[in-house]
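Got the viewer open? Let's take a short walk through this one, one selection at a time.

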Amino acid sequence: MDSLISPDESWLLWGILVGWAAFSIYLEQKFEWASKLSGAIIALVGAMLLANFGVIPIESPTYDIVWAYVVPLAIPLLLFQSNIIRIWKESGRLLMIFLISSIGTVAGAIIAFFLLKEYIPAVDQIGAMLTGSYTGGGVNFAAMATRFDVGGETVSSTVVADNLLMALYFLVLITIPAVGFFKKNYRAPYIDEIERNGADNGNQAASYWKRKEISLSDIALAVGSSFVIVAVSFKLAEFFTNVIPDDANIFLTVLRGIIGDDYLMLTTITLLLVSFIPRYFTSINGAQEIGTFLIYIFFVVIGVPASIPLIIQNAPLILLFAAIIVFINMIVSFSFGKFFKFSLEEIILSSNANIGGPTTAAAMAISRGWTKLVGPILIIGTLGYIIGNYIGTGLGVWFAGMM
């Protein structure tokens, strides 16, 4: 489908991507309705509309640059405050429901695979990509696509289905706290606290992202450190990939896949650095803000391929595959969450962190005023980058053997 803006119009596309990301943040912090919806959803849905109405192209080298450079730079910035040593001490309960939700993703992927393996080409690769994506967010999708050398057409069709379903599920999660069934059957201490303190506490997103003291040195250290960490991590991953042969025994093959993965190496090195020299990273102001803005640009990009006509033409069964995974994730999360007496807020954020990643979960927590859960869900959600890589790789290999 031809678009108003050509795929080669780089500056126009960058203007739209970055401008819409900025406008989404502005709306989120300016208007109560946008705060409740979250800027992440606005960014994603806005891009979907621009693409579906033919304003911007479905594919462009500009989007590839966001995947290749913007996302890797955002990951360390978002992890600078995430000391993994504190995870169990501060977030043990949330970690448990997050892992339960991850089990729901795995169960959904296995069920979808056996139901649809006779009808979808490259279903093993699709299963790996969606499992990775739904155990920590879209960054894992790219990692799985690269690891399994998935064809471009398969990636595009899966991205389309993935992004549309992800956007719809976020809207479902946002509305759940207002549904009578959930209000009646689940405890919601954070919602109750907000109601006790007054129904109108202003814009929660604007309050959380209020103006902070930041210097040129902070910006330089944040961005400079992120560049160095990405460069070193990717070079190390490349080194291990070259050192370990791809035709080695199963143990070395798995090891090569783990330590040779760019995103897994990046996340691991960042978390180790933050844990061992926390004073340096916690002293840098503005890293989370810069990283979040970069991720909002990514939200715009992942909304672009969600072309409804393309789904109807090329990916209805892939959409069904993804829907099965998300549905089972939701059933497992809310059923076991109820059984183990987790709060409604913990269940929602954990399922969100699985399907969309830690940033979208944090954005939802901020917009809803559940500020005490923002830090823990960011810390735990980042584990999804690692968990998703392991699980996505394992299921992908298993699915391939079952074909």
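Where is aspartate 124 found? Select helix α6 (residues 123-133) and you have it; helices here are DSSP runs of H or I with at least four residues, numbered from the N terminus.

Before going on: this is a predicted model, where local features need pLDDT of at least 70, side-chain atom pairs count only at pLDDT 80 or more, and totals for chains, interfaces and linings use all residues. Residues are numbered from 1 along each chain as its sequence is written, and side-chain values use heavy atoms, with hydrogens and water left out.

Stay on aspartate 124: this residue is buried (under 20% relative accessible area, 1.4 Å probe, protein chains only). Yet aspartate 124 has no salt bridge, meaning a Lys or Arg side-chain nitrogen within 4 Å of an Asp or Glu carboxyl oxygen. Lysine 117, the nearest side chain of opposite charge, is 11 Å away. Now show what aspartate 124 touches (heavy atoms within 4.5 Å): leaving out residues up to four places away in sequence, you'll see Phe113, Gly396, Phe399, Ala400 and Met403.

Next, pick Phe334. In the largest nonpolar core, which has 124 residues, Phe321 and Phe334 touch the most other members. Such a core joins buried Ala, Val, Leu, Ile, Met, Phe, Trp, Tyr and Cys through side-chain atoms within 4.5 Å. Helix α8 (residues 152-175) gives this core its largest share, 11 residues. Setting aside neighbours within four places in sequence, Phe334 has contacts including Tyr169, Leu173 and Phe182.

Last stop: helix α15 (residues 278-282), home of tyrosine 280.

Conventions:
Buried < 20%, exposed > 50% of the residue type's maximum accessible area, 1.4 Å probe, protein only. Helix = DSSP H or I, 4+ residues; strand = E, 2+ residues; numbered from the N terminus. Lys, Arg positive; Asp, Glu negative; His and termini not counted.
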